[in-house]
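Subject: Structure for your review

Dear colleague,

Please find below the structure that I am handing over to you. A summary of what was found in it follows.

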Amino acid sequence: MILFRYLQYGFRDTMRSLWRHKGMVLVSVLTVATMLVVLGATVLLAANSEYMAKNMEEELEVVVFLHTDVSREDALALEEKLHSVTGFKEATFVPKEDALENMNTQLDKSQLTNATGGSNPLPDAYHIKLEQMEQMEDAVAYLSNTELFPQIELVRYGQDVVDKMIALTNTLEIVCIAIVAGMVLIALFLVNSTIRLTVATRGEEISIMKYVGATNFYIRVPFFLEGLLIGIVGALLADGVLFFGYDAVYNYIGAQLSFITLLHNDQLLIFIMLVLLAGGTLLGALGSNIATKKYLKV
């Protein structure tokens, strides 16, 4: 019963305080919302980067060219030995006849025949896919060992692409952490400032309440609810911007830049929105607690 009265008083006083300082409250709400939008957008950017990296990873492969004098039987027998490559996922054997046919479809067949003298100069090859692109460099070094694989003449893979993708992924992780840390500090400062302003304007009233025996909890309730509401409203605003904004970006990219494939995962988006709501609530409560603890000295 006492708790209910405390909350009733706190909610009433919170509404008055929010209206009295509506300008500062609006700034705090917008700051929290902006921070959470940037945070959510950063997470979505990281998720999409990882998604696109995974898609490109599926396309990346190590191509192994065999010596032209290797018999077809020995070439096919080599596949079992390729399973010893670290991170091996699958290997596709490409006979030299199929390789020539692919070239015929891309180039003028008559010119190609004249250039090769009617023979097939292409070797048999294996296209090897690995579990992770970070394993490619080790795999290439392993396959280039002529003592272990005397049948192999040449090993090729998109080294520049792999290196750039790994560097991009690492950079994005650092940038995401920096953005999150910066936005959290800014939002905490704004919420703290709003509550601190409220505390300062009600200093005399608080002194009287303490003089007549009001408990610390009773005094803290309105400020706690104020910070809580600022965080919740800011989070809900951010969720709305992210939900409709990402949908608009996804549709635009799909229509105008079809070669770019964005992640479409409603469960992930809802999870991010719920996390932002919880984060905004926690942020508001934490900012309120810091302000009351520092300036009320109760």
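In what follows, helices (H or I, at least four residues) and strands (E, at least two) are DSSP runs, numbered from the N terminus. Read in this way, the chain has its elements in the order α-α-β-α-β-α-α-β-α-β-α-α-α-α, starting from the N terminus. That order comprises ten helices and four strands. Please note that this is a predicted model.

Overall picture

The chain has 298 residues, of which 37% are buried. Of the contacts in the chain between residues at least 6 apart in sequence, 86% join residues at least 24 apart.

The nonpolar cores

The largest nonpolar core consists of 24 residues. Within this core, the residues with the most contacts are Val62, Val64, Leu82, Tyr126, Ile128, Leu143 and Ile152. At least two residues of the core come from each of β1 (62–66), α3 (72–82), β2 (88–94), β3 (125–130), α6 and β4 (152–156). The element that gives the most to this core is α6, with four residues. A second core, separate from this one, has 21 residues, including Met35, Leu242, Tyr246 and Leu283. As general background, nonpolar side chains in soluble globular proteins tend to be buried together.

Helix α6 and its surroundings

Helix α6 spans residues 136–143, and its buried residues are Met136, Ala139, Val140 and Leu143. Viewed down the axis of α6, these buried residues fall within an arc of 100°, so they line one face of the helix. Turned away from that buried side is a face with the exposed residues Glu137, Asp138 and Ala141. The spacing can be understood from helix geometry: an α-helix has 3.6 residues a turn, so residues three or four places apart point the same way.

Leu143 deserves a separate mention. With its neighbours within four places in sequence left aside, Leu143 is in contact with Val62, Val64, Leu82, Val85, Ile128, Phe149, Ile152 and Val155.

Ahead of the helix, Gln135 lies in the loop between β3 and α6. The relative accessibility of Gln135 is 19%, and the cut-off for buried is under 20%, so Gln135 counts as buried. Apart from neighbours within four places in sequence, Gln135 is in contact with Thr86, Gly87 and Leu130.

Helix α3

In α3, the buried residues are Ala75, Leu78 and Leu82. Seen down the axis of α3, they fall within an arc of 45°, so they too line one face of their helix. The exposed residues Glu73, Ala77 and Glu80 are carried by the face of α3 turned away from its buried side. Which elements cover the buried residues of α3? Among them are β1, β2, β3, α6 and β4.

Strand β1 and its partners

Strand β1 is mostly covered, with four of its five residues buried. It pairs with β3 in the antiparallel sense over four bridges, and Val63 stands opposite His127 in β3. The pairing of β1 with β4 is also antiparallel and also runs over four bridges; here Leu66 stands opposite Ile152 in β4.

Aromatic rings

How many aromatic pairs does a search of the whole structure find? The search finds three, and two of them are described here. The ring centres of Tyr142 and Phe149 are 5.3 Å apart with the planes at 80°, so this pair is edge-to-face. Is each of these two residues buried, partly exposed or exposed? Tyr142 counts as partly exposed because its relative accessibility is 29%, whereas Phe149, at 0% relative accessibility, counts as buried. Phe149 has a further partner: Lys81 lies over the face of its ring, at 4.9 Å from the ring centre.

The rings of Phe243 and Phe244 have centres 5.2 Å apart and planes at 90°, so this pair is edge-to-face as well. Phe243 is partly exposed, with a relative accessible area of 39%. Phe244 has a relative accessibility of 61% and therefore counts as exposed.

Yours sincerely

How values were computed: Residues numbered from 1 in each chain as written. Predicted model: local features only at pLDDT ≥ 70, side-chain atom pairs only at ≥ 80, totals over all residues. Heavy atoms only, no water. Buried < 20%, exposed > 50% of the residue type's maximum accessible area, 1.4 Å probe, protein only. Arc of directions from axis to C-beta. Phe/Tyr/Trp six-rings, centres within 6.5 Å; stacked < 30°, edge-to-face > 60°. Lys NZ or Arg CZ within 6 Å of the ring centre and 35° of its normal. Core = buried A, V, L, I, M, F, W, Y, C linked by side-chain atoms within 4.5 Å. Contact = heavy atoms within 4.5 Å. Pairing = 2+ DSSP bridges.
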